[in-house]
Amino acid sequence: TQTFLSYVNEGLEVFKANGKDAALEEIYPKIIVLVITLMSVYLLGLICNFLWTRTMAKVTQGTLDHMRNEMFAKIQSLAVKSPFGIMDLNQYTKQLSAYGIEYNELYDTMKRLADISAGVGVDMGRIILAYGQVRAAGFLKGTELRQFTEANIPLVQKLADRFSVLEKRIVSAADVYDMISKKKITFEDVK
């Protein structure tokens with residue numbers, strides 16, 4: 001911009017001294033050089049932006065491919081050890097992911113819920129639904145507690161045991177129900 005202003009000032013000086021035509025003849029080539037320079041810088045910026053975006057897309061895609069392959073290998077391994085098939089575990093992983101479970105927690109969460117599901121003999125989709133709803137709300141509500149209870153998961157007792165240890169006092173089921181009604185049991189507590 002400083003070069004452009006100096007061209008304009010120089011042109012005005014020539015214009016004042018020699019008239020309009022002389023000023024245009026002298027400043028015109030300088031303006032052309034300036035416009036070509038600005039267009040070159042702009043095009044170089046576009047090319048760099050394109051190359052950067054393309055490189056980042058390749059890096060991201062490679063990372064995602066690696067993560068997807070790693071998760072699939074873990075699912076295959078779990079399918080061998082559990083009563084669930086690969087397709088079921090893949091679907092459950094997608095459900096958990098849709099509820100916003102982070103990638104680094106996804107497999108462990110799925111494995112833990114699969115163990116619970118197999119232990120209580122209830123469809124894992126039901127457990128994921130209740131778990132995901134608690135995750136989405138951020139705290140345990142009565143409706144989700146009922147879903148866990150209907151799935152044969154003694155969540156009230158588990159929470160009472162947990163809070164008894166944390167608070168170093170006996171926490172009863174009634175205390176847990178009171179905490180639920182006051183929205184004091186967070187997703188982290190249920191997790």
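The legends below walk through several close-up views of a predicted model.

Before you start, note that residues are numbered from 1 along each chain as its sequence is written. Because the model is predicted, local features need pLDDT of at least 70 and side-chain atom pairs count only at pLDDT 80 or more, while totals for chains, interfaces and linings use all residues, and side-chain values use heavy atoms, with hydrogens and water left out.

**View 1. The whole protein is built from nine helices and zero strands.** Helices (H or I, at least four residues) and strands (E, at least two) are DSSP runs, numbered from the N terminus. Reading from that end, the elements go α-α-α-α-α-α-α-α-α. Of the 191 residues, 28% are buried; buried means under 20% relative accessible area, exposed means over 50%, and partly exposed is in between (1.4 Å probe, protein chains only). The accessible surface adds up to about 12,600 Å², and 61% of that belongs to carbon and sulfur atoms. Those areas come from the Shrake-Rupley method with a 1.4 Å probe, and for residues only the protein chains shown count as cover. Looking at contacts (heavy atoms within 4.5 Å), 47% of those with a separation of 6 or more are between residues 24 or more positions apart.

**View 2. The largest nonpolar core holds 38 residues.** A nonpolar core here is a set of buried Ala, Val, Leu, Ile, Met, Phe, Trp, Tyr and Cys residues joined through side-chain atoms within 4.5 Å. Met110, Leu140, Phe148 and Ile185 have the most contacts inside this core. Helices α2, α3 (86-98), α4, α5, α6, α7, α8 and α9 each chip in at least two residues, and α5 gives the most, with six. In soluble globular proteins, nonpolar side chains tend to be buried together. Zoom in on Met110 and, leaving aside neighbours within four places in sequence, you'll find Ile75, Leu78, Leu89, Tyr92, Thr93, Leu96 and Met124 in contact with Met110.

**View 3. Thr109 sits in helix α4 (residues 103-120).** Is Thr109 buried or exposed? Thr109 is buried, with a relative accessible area of 1%. Not counting residues up to four places away in sequence, Thr109 touches Leu96, Ile101 and Tyr131.

**View 4. Helix α6 (residues 142-150) has Glu144, Leu145 and Phe148 as its buried residues.** Seen down the axis of α6, these buried residues fall within an arc of 105°, so they line one face of the helix. That arc is the one spanned by the directions from the helix axis to the C-beta atoms. The cover over them includes α5 (124-137), α7 (155-167), α8 (173-181) and α9 (187-190). After α6 comes Asn152, whose phi is positive, near 65°.

**View 5. Tyr177 belongs to helix α8.** With a relative accessible area of 48%, Tyr177 is partly exposed. Setting aside residues up to four places away in sequence, Tyr177 touches Leu145 and Val156. Tyr177 and Val156 are 21 residues apart in sequence, yet 7.7 Å apart in space, C-alpha to C-alpha.

**View 6. Tyr28, Ile32 and Ile36 make a nonpolar patch on the surface.** Together they have about 310 Å² of accessible area. Patches are made of residues with over 30% relative accessible area and no salt bridge; like charges are joined within 9 Å, and nonpolar side chains (Val, Leu, Ile, Met, Phe, Trp, Tyr) within 5 Å. Ile36 is found in helix α2 (residues 20-81).

**View 7. Eight salt bridges appear in the structure.** A salt bridge is a side-chain nitrogen of Lys or Arg within 4 Å of a carboxyl oxygen of Asp or Glu. Side chains of opposite charge can pair when their charged atoms come close. One of the bridges joins Glu70 and Lys74 (3.7 Å, N to O); both lie in helix α2, four residues apart, about one turn of the helix. Glu70 is partly exposed at 30% relative accessible area, and Lys74 is partly exposed at 31%.

**View 8. Asp189 and Arg162 meet in a salt bridge (3.3 Å, N to O).** This pair links distant parts of the chain, with Asp189 in helix α9 and Arg162 in helix α7, 27 residues apart. Asp189 is buried, with a relative accessible area of 14%, whereas Arg162 is partly exposed at 34%.
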